[in-house]
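Reader: Please display the model together with its sequence. I should then like to put a series of questions about it.

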Amino acid sequence: MAKVLMLDPEKCTACRMCELACSFFHEKEFRPSVSRINVLTWESDGISVPMMCLQCDAAACLKVCPSGALSCSKETGALIVDNEKCIRCKMCLSACPFGNTTYDAATNKILKCDLCGGDPQCVKFCPSGAVTYVEAMKGTLLKKKTYAEKFKELLREVKQ
């Protein structure tokens with residue numbers, strides 16, 4: 001069964017360990033700007049949201065790539081960039097509706113989450129469990145249960 005990355009912004013502490021783990025794994029340096037995961041923080045609201053490629057089934061980036069540099073890994077289901085085939089047209093950046101495909105001018109590479117070959121480093125180093133790698137059905141069920149609990153609590157408050 002396919003596994004997916006699940007994000008839980010309520011658990012994110014904005015420590016950015018995921019960014020450092022990602023950049024070190026892929027680029028052998030601690031440089032968050034080349035991380036495939038980015039934590040967006042609204043300090044005044046106390047909210048942090050980790051953002052990364054969602055590995056869309058009907059990926060817009062895959063559809064617009066004119067050189068065939070993007071493909072889907074049979075092992076992990078991750079969208080993979082072949083830098084030998086990539087012509088750096090950046091159409092994939094424009095096509096991603098979530099802005100989760102980026103470009104590093106220093107290395108002239110398209111940066112996209114590849115799930116670290118099935119062993120996501122962001123998950124390994126997330127101390128709060130805000131990023132998890134679970135079977136797709138299990139992840140969906142956990143999310144449903146979490147939101148069902150919230151609705152249950154809200155209903156209790158309304159009844160009181």
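Reader: Between which two elements does the loop that holds C116 lie?
Author: Elements here are DSSP runs numbered from the N terminus, with helices (H or I) of at least four residues and strands (E) of at least two. By that numbering, the loop holding C116 lies between β7 (109–111) and α4 (121–125).

Reader: What pLDDT must side-chain atom pairs reach in order to count?
Author: Residues are numbered from 1 along each chain as its sequence is written, and side-chain values use heavy atoms, with hydrogens and water left out. This is a predicted model, in which totals for chains, interfaces and linings use all residues, local features need pLDDT of at least 70, and side-chain atom pairs count only at pLDDT 80 or more.

Reader: Is C116 buried or exposed?
Author: The phi of C116 is near 50 degrees, a positive value in a residue other than glycine. Buried means under 20% relative accessible area, exposed over 50%, and partly exposed in between (1.4 Å probe, protein chains only). The relative accessible area of C116 is 13%, so this residue is buried.

Reader: Which residue takes a positive phi just after α1?
Author: The residue is found in the loop between α1 and β2. Its relative accessible area is 59%, so it counts as exposed. Its phi is near 60 degrees, and the residue is K28.

Reader: What covers the buried residues of α1?
Author: The buried residues of this helix are C18, E19, A21, C22, S23, H26 and E27. Their cover includes β2, β7 and α4.

Reader: How many disulfides does the structure hold?
Author: A disulfide requires two cysteine sulfur atoms within 2.5 Å. The cysteine sulfur closest to that of C92 belongs to C86 and is 6.3 Å away, too far for a bond. For C126 the closest is that of C15, at 6.2 Å, which is also too far for a bond. The number of disulfides is 0.

Reader: Which elements give two or more residues to the largest nonpolar core?
Author: A nonpolar core is a set of buried Ala, Val, Leu, Ile, Met, Phe, Trp, Tyr and Cys residues joined through side-chain atoms within 4.5 Å. The largest has 16 residues, and those with the most contacts inside it are L5, I37, M52, L115, C122 and V131. The elements asked for are α1 (17–27), β2 and β8 (131–135).

Reader: How many residues form the second, separate core?
Author: This core includes A59, L79, C86 and I110. Its residues number 10.

Reader: What is the relative accessible area of M52?
Author: M52 has its place in strand β3 (residues 47–52). Leaving out residues up to four places away in sequence, M52 is in contact (heavy atoms within 4.5 Å) with L5, L7, R36, I37, N100, C122 and V131. M52 is buried, and its relative accessible area is 2%.

Reader: How far apart in sequence are the parts tied together by the salt bridge of K109 and E27?
Author: A salt bridge is a side-chain nitrogen of Lys or Arg within 4 Å of a carboxyl oxygen of Asp or Glu. In this pair, N and O are 3.3 Å apart, and K109 and E27 are both buried. K109 lies in strand β7 and E27 in helix α1, so the parts tied together are separated in sequence by 82 residues.

Reader: Which helix holds both E149 and K152?
Author: These two residues form a salt bridge whose closest N and O atoms are 3.4 Å apart. They are 3 residues apart, about one turn of the helix. An α-helix has 3.6 residues a turn, so residues three or four places apart point the same way. The helix is α5 (residues 136–159).

Reader: Which residues are joined into one network by salt bridges that share partners?
Author: The structure holds 7 salt bridges. Those that share partners join E27, R36 and K109.

Reader: How many helices and strands does the chain have?
Author: From the N terminus on, the order of elements is β-α-β-β-α-β-β-α-β-β-α-β-α. Of the 160 residues, 34% count as buried, and the C-alpha trace spans about 60 × 30 × 25 Å along its principal axes. The secondary structure comes to 5 helices and 8 strands.
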